[in-house]
Amino acid sequence: MASVTLQGVRKIYRDGSREQVAVHGVDLEVADGEFVVLVGPSGCGKSTTLRMIAGLESISGGQLLIGDRVVNHVPAKERDIAMVFQNYALYPHMTAYDNMAFALTLRGMPKPEIETRVSEAATILGIEDLLQRKPRHMSGGQRQRVAVGRAIVRHPQVFLFDEPLSNLDAKLRVQMRREISRLHRQLGATMIYVTHDQVEAMTLGDRIVVLNAGHVQQIDAPMMLYANPRNTFVATFIGSPPMNLVSGILARGSGDTAPTGGADGGKLHFRAGDGVMQLPIPSSWAPALAGRAERAVVLGIRPEELELAETAEAGVVSMRVDLVEPLGNEMLVYASAGAVEVTARSLPRRMPPQGAPITLRFPPERLHMFDAETTDSLASRSGG
Ligand code: ADP
Ligand code: MG
């Protein structure tokens, strides 16, 4: 097993005279035995990054190390890495056994050792009964297991996965997710896993790298990303339904009463929708927000942090119910006040009727605040 280190790794695709930067300098240290997930929307550079690590794509800039060795110019087959692809890439005319044994045979490994390795991998994956079948006689999940088996038999230093579950149906995806997690624990191997699915990222990763348009947005443990997103992209990409974002300004005054415009000790509150929304913000945010009075900001709050309130008080906004979605274990309430729209998530105890007034509490200690221009986090629920 080994660590993987990316130092300013870049990829520029050249198409005639046209240049496209697909990956803008990724810095990342994947520790020996760590499970790191690269997540982001389609086209953000996930596969390109993974393929550079595998040696399937040249590196345009920066350095890539496996262990302590710079491998920028080391060919794929000498990197001791195994990759699993979304489309399985099995040889259709070969049995599962031969698919798994193929790379080892090419290497000239003695037959008995190949047999041992294939049967070990088959046991780990529970596919002992499938070894004589060809891919067309297997289900998608079985094919994906064989594809994973083909990686396991090589005993690589690093496993790379590129959206390995995306071709499977939802139920099988959940099951395979658990299997990959178990595999990681069992093998203790370094794994780098690419997906566009934030749930997969959250459930599998020791750490997650969020990418957008070839730029790393944030690298953190799953719950850290969820609790302290560094910008509005991460805030809305991780979590479903996404964090509510409301554009407004930091207005002077406490927000309890209409601002008087007079001296008020420098207190600020959040104001949006021509005043339909006025929210006090934590006093601990004062240093982070100093000098930003009257500036445009974006307020964030997760759907589950909004509370159905009984009374109108500070931090409560009167809204109207646009739609209620009962999901059995929970309900999603879509509410609005003027141009301000939010989604609240709660237990489906009392379902408010569509069109009814609703009072939602925005607990100050649960708020996030972002710069409207840079979209960077200014302050979040943990304080600064
Ligand atoms: P992802 O895997 O996150 O969906 P990719 O890494 O495949 O994204 O692609 C990143 C960007 O690089 C995209 O804009 C894509 O169109 C571009 N790209 C990918 N492969 C090539 C290629 N071989 N030649 C030119 N552009 C490419
Ligand atoms: Mg891809």
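# Notebook: strands, a ligand shell and some odd backbone angles

**Entry 1: strand S19.** I began with S19, residues 357-361, where the side chains alternate. Ile358 and Leu360 point to one face and are buried. Pro357, Thr359 and Arg361 point to the other face and are not buried. I note here that the model is a predicted one.

Next I looked up the partners of S19. Strand S15 (residues 307-308) runs antiparallel to S19, and 2 bridges join them. Leu308 is the residue opposite Leu360, and Leu360 belongs to the buried face of S19. Strand S16 (residues 316-326) also pairs with S19, antiparallel, over 5 bridges. There I picked out Arg320, whose bridge partner in S19 is Pro357. Pro357 is on the face that is not buried. A general reminder to myself: strands of a sheet pair through backbone hydrogen bonds, either parallel or antiparallel.

**Entry 2: the four-stranded sheet.** I then traced an open sheet of 4 strands. Its order is S2-S1-S4-S5, and the pairing is antiparallel. Which strands are at the edges? They are S2 and S5, each of which pairs on one side only. I followed the S1 to S2 pairing further. Strand S1 covers residues 4-15 and pairs with S2 in the antiparallel sense over 9 bridges. Within this pairing, Tyr13 stands opposite Gln20 in S2. I kept both names, since Tyr13 and Gln20 are also among the residues around ligand 1.

**Entry 3: ligand 1.** I listed the shell. Around ligand 1 are Tyr13, Gln20, Ala22, Pro41, Ser42, Gly43, Cys44, Gly45, Lys46, Ser47 and Thr48. By type, the shell residues divide into 4 nonpolar, 6 polar and 1 charged.

Which atoms of Gln20, Gly43 and Lys46 lie by ligand oxygen atoms? For Gln20, a polar side-chain atom lies 3.0 Å from an oxygen atom of ligand 1. Lys46 also offers a polar side-chain atom, at 2.9 Å from a ligand oxygen. For Gly43 the atom is a backbone N or O, at 2.6 Å from an oxygen atom of the ligand.

I checked how far the ligand is covered. On its own, ligand 1 has 560 Å² of accessible area, and the protein covers 60% of that. Two elements give two or more residues to the shell: strand S2 (18-30) and helix H1 (46-54). The largest share comes from H1, with 3 residues.

**Entry 4: Gln218.** Is Gln218 buried or exposed? It is buried, because its relative accessible area is 2%, and the cut-off for buried is under 20%. Gln218 is found in strand S10, residues 215-220. Its side chain makes a polar contact of 3.3 Å with the side chain of Asp220. I then set aside neighbours within four places in sequence. The contacts of Gln218 that remain are Ile208, Val209, Val210, Leu225, Asn228, Pro229, Arg230 and Val234.

**Entry 5: helix H2.** I went through H2, residues 96-106, for buried positions. I found Ala96, Tyr97, Asn99, Met100, Ala101 and Leu104. What do the buried residues of H2 pack against? They pack against helix H3 (111-125) and H4. Just after H2 comes Gly108, which takes a positive phi of about 80 degrees.

**Entry 6: unusual backbone.** I closed with a scan of phi and omega. As background, most residues other than glycine have a negative phi, and most peptide bonds are trans.

Asp80 is not a glycine, but its phi is positive, near 60 degrees. Asp80 lies in the loop between strand S5 (69-70) and strand S6 (81-84). Asp80 counts as partly exposed because its relative accessibility is 32%.

His155 has a positive phi too, of about 45 degrees, and is not a glycine. I located His155 in the loop between helix H4 (140-152) and strand S7 (158-162). His155 has a relative accessible area of 42%, so I logged it as partly exposed.

Where is the cis bond? The peptide bond from Ser240 to Pro241 is cis, and its omega is near -5 degrees. Pro241 sits in the loop between helix H8 (232-237) and strand S11 (244-252).

Terms used: Residues are numbered from 1 along each chain as its sequence is written. Chains are lettered from A and ligands numbered from 1 in the order in which they are written. This is a predicted model: local features need pLDDT of at least 70, side-chain atom pairs count only at pLDDT 80 or more; totals for chains, interfaces and linings use all residues. Side-chain values use heavy atoms; hydrogens and water are left out. Buried means under 20% relative accessible area, exposed over 50%, partly exposed in between (1.4 Å probe, protein chains only). A residue is near a molecule or strand if one of its heavy atoms lies within 4 Å of it. A polar contact is a pair of N or O atoms within 3.5 Å; within protein, one must be able to donate a hydrogen and the other to accept it, and residues adjacent in sequence count only if both atoms are side-chain atoms. Accessible areas come from the Shrake-Rupley method with a 1.4 Å probe; for residues, only the protein chains shown count as cover. Ala, Val, Leu, Ile, Met, Phe, Trp, Tyr, Cys and Pro count as nonpolar, Asp, Glu, Lys and Arg as charged, and the others, Gly among them, as polar. Contact means heavy atoms within 4.5 Å. Two strands pair if DSSP finds at least two bridges between them.
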